[in-house]
Amino acid sequence: MKNIILFGSQHWPGCAPVKELLSENNIQFLYIDITDGMLNLKRFLKYRDNRPEFEEVRKAGRVGLPCLVVSDGDEEKIIFGEPDLKALKDE
């Protein structure tokens, strides 16, 4: 079973459509609003500051939201923006 985390913010316009897309397609996910508290922000920054997928985001001075972290066993995949729904569904 895939574990999906959507990092976003109520203040970021691109996050609500991704959240809606996942919900409408019955994809279970945990939504973490990084502006709801320091713990949520730190959890996101652990990915943003350490994962190579964020290199271009950091260079451009962007935040990197919305950000999906998809875990399937030992492997984690980072997806920015609107995801390919087939990649998120369990086979």
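Select F44 first: with a relative accessibility of 1%, this residue counts as buried, the cut-off being under 20%. The model on screen is a predicted one.

Keep F44 selected and add F54. The two rings make an edge-to-face aromatic pair, with 5.9 Å centre to centre and 80° between the planes. F44 belongs to helix α2, while F54 sits in the loop between α2 and α3, 10 residues apart, so this pair links distant parts of the chain. Both F44 and F54 are buried.

Now show every aromatic pair; the structure holds 4. One of them joins F7 and F44, a tilted pair with 5.4 Å centre to centre and 55° between the planes. Because F7 lies in strand β1 and F44 in helix α2, this pair ties together parts that are 37 residues apart in sequence. F7 has 0% relative accessibility and therefore counts as buried. To see the cluster linked by ring pairs, select F7, F44, Y47, F54 and F80.

Next, select helix α2, residues 38-48, whose buried residues are F44, Y47 and R48. These residues cover an arc of only 100° around the axis, which means they are on the same side of α2. Among the elements that cover them are β1 (3-8), α3 (55-59), β3 (67-72) and β4 (75-80). Turn the helix around: the face pointing away from the buried side carries M38, L39, K42 and K46, which are exposed.

For the last stop, select K19 and Y31. K19 lies over the face of the Y31 ring, 4.0 Å from the ring centre.

Notes: Residues are numbered from 1 along each chain as its sequence is written. This is a predicted model: local features need pLDDT of at least 70, side-chain atom pairs count only at pLDDT 80 or more; totals for chains, interfaces and linings use all residues. Side-chain values use heavy atoms; hydrogens and water are left out. Buried means under 20% relative accessible area, exposed over 50%, partly exposed in between (1.4 Å probe, protein chains only). Helices (H or I, at least four residues) and strands (E, at least two) are DSSP runs, numbered from the N terminus. The arc is that of the directions from the helix axis to the C-beta atoms. Contact means heavy atoms within 4.5 Å. Rings of Phe, Tyr and Trp (its six-membered ring) pair if their centres lie within 6.5 Å; planes under 30 degrees apart count as stacked, over 60 as edge-to-face and the rest as tilted. A charge sits over a ring if NZ of Lys or CZ of Arg is within 6 Å of the ring centre and within 35 degrees of the ring normal.
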